[in-house]
Amino acid sequence: MQNRDELLTALTEISTAQAAGDELMRSVKALAGAPWELLRNSPRRLARLATFLPSNNLLYSYVLFGVVPSLYTDEIRLRPSARVARAALAVHEILGPPLRRLGAGRIVMTPCTQREFLADCARSDAVVFTGRPENGAAVAARLPAGTLLLSFGSGPNPVVVGPDADPDTVCRAVLDARLHNSGQDCLCTDLVLVHRSQVRALVPRLADALAGIRVGDRRDPATRVAPLVYPDAVEDAAAFLATHREFTVRGGRTDLARHTVEPTLLHLPWQEDFHPPEFFSPVVLTMAYDAPGQVDRWLRSAEETARGMYVSVFGEPALAGRSRIATSVVCEERVTFDVEDGNRPFGGYGPLAGNVRRHGIVTGRPLLLSAEAGPSTAGPGVGPRSRGRTGS
């Protein structure tokens with residue numbers, strides 16, 4: 001990719017070098033897959049798309065919700081998160097000129113308040129929102145009924161470690177799923193459900209592995225955990241760790257002034273009514289279970305049905321062979337980062353994890369803009385007017 005070094009410099013303002021490199025490769029893959037995606041979904045021509053960009057994955061989101069839709073949209077307006085506006089604008093300034101030379105649809109990035117951007121949204125055929133569900137609902141309330149709205153949220157993305165799992169394989173997978181960009185990604189795993197027979201094998205492995213994690217400057221390619229971008233993520237982690245201090249196996253220290261959370265491991269006994277927060281930090285949380293029915297019931301609880309996204313299953317025969325459990329899409333012997341594909345629908349069926357709103361009807365399901373704008377799904381108000389991708 002041209003401008004690779006410039007892009008990596010911009011991205012490492014908020015991402016580790018490892019995460020930025022991964023994001024660059026995923027962006028190239030999404031661009032390469034765009035012709036197949038559009039051929040498969042045949043999206044209608046849109047006059048305008050408005051997107052609330054997330055505060056992470058800046059390049060990947062720019063590609064998914066800017067570059068690819070520009071192939072079937074006349075004008076795209078992007079609002080960067082105020083927290084990372086400088087880095088987002090840097091990405092736009094790097095990619096904007098070559099995109100204009102290619103003749104893609106007009107892409108405009110506008111740092112502004114949410115209230116100001118809503119005026120653009122109200123005049124758009126489609127809107128993409130990435131962020132908290134309650135904020136997405138507030139945006140929906142301000143849009144015309146015919147506007148297509150895709151709201152990308154998040155979920156706990158649990159990993160299930162069954163009696164037949166290989167502890168070494170699972171240890172690596174859990175760290176990959178939890179520590180990506182220091183844990184600052186909606187695909188990161190917030191809870192690891194471990195069969196009791198595996199606790200003595202897995203928990204010490206995780207503790208030892210976390211002790212060896214490289215903590216440092218996010219621009220250093222060897223760094224896996226860096227200072228967090230968001231002070232409130234440090235505050236939330238500190239509050240959770242203080243409340244659950246008795247369950248700490250390793251780590252547990254936080255520094256609000258330096259925005260750091262030490263790579264930490266906690267192990268909880270089974271609690272059917274426990275539902276983890278979105279940590280957005282390097283906190284690994286395990287919880288023991290005795291029978292697969294407990295996991296199944298937990299995934300079918302009202303809380304988890306609402307935010308069902310992905311569930312990764314390793315070595316648990318009772319949960320294998322399913323495409324989904326309740327609203328969570330099953331990733332068998334894989335974690336979320338292994339299955340995520342920018343040219344395919346993203347997420348699960350939990351309405352808080354992701355939903356599409358069309359004419360007042362809200363449906364939780366995996367989302368892909370080109371598919372939702374396709375001829376078989378588009379309703380009145382979606383499609384061409386007079387002609388003149390992420391999540392968070």
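This passage describes the packing of helix 7 against helix 8 and the setting of strand 13 in a predicted model.

Helix 7, spanning residues 167-179, and helix 8, spanning residues 199-211, have axes that come within 10 Å and cross at roughly 50 degrees. Because angles of 35 degrees or above and below 65 degrees fall outside the parallel and perpendicular ranges, the two helices are classed as oblique to each other. The crossing by which helix 7 passes helix 8 is right-handed. On the side of helix 7, the contact is made by P167, D168, V170, C171, V174, L175 and L179, while helix 8 contributes A201, L202, R205, L206, A209 and L210. Sorted by class, the residues of this contact comprise 11 nonpolar and 2 charged residues, with no polar residue among them.

Strand 13, which covers residues 310-314, is largely enclosed by the rest of the structure, since 5 of its 5 residues are buried. This burial extends to both faces of the strand, with Y310, S312 and F314 buried on one side and V311 and V313 buried on the other.

Strand 13 is also paired with two further strands, strand 6 and strand 15. Strand 6, made up of residues 159-161, runs parallel to strand 13 and is joined to it by 3 bridges, and within this pairing V160 of strand 6 stands opposite V313 of strand 13. Strand 15, made up of residues 328-332, likewise runs parallel to strand 13, to which it is joined by 4 bridges; here V313 stands opposite E332 of strand 15. V313 thus has V160 opposite it in one pairing and E332 in the other, and V313 is itself among the buried residues of strand 13.

Technical notes:
Residues are numbered from 1 along each chain as its sequence is written. This is a predicted model: local features need pLDDT of at least 70, side-chain atom pairs count only at pLDDT 80 or more; totals for chains, interfaces and linings use all residues. Side-chain values use heavy atoms; hydrogens and water are left out. Axes are lines fitted to C-alpha atoms, for helices over the stretch in contact, and angles run from 0 to 180 degrees between N-to-C directions. Angles under 35 degrees count as roughly parallel, over 145 as roughly antiparallel, 65 to 115 as roughly perpendicular and the rest as oblique. A crossing is left-handed if the near helix is turned anticlockwise from the far one by less than a right angle, and right-handed if clockwise. Contact means heavy atoms within 4.5 Å. Ala, Val, Leu, Ile, Met, Phe, Trp, Tyr, Cys and Pro count as nonpolar, Asp, Glu, Lys and Arg as charged, and the others, Gly among them, as polar. Buried means under 20% relative accessible area, exposed over 50%, partly exposed in between (1.4 Å probe, protein chains only). Two strands pair if DSSP finds at least two bridges between them.
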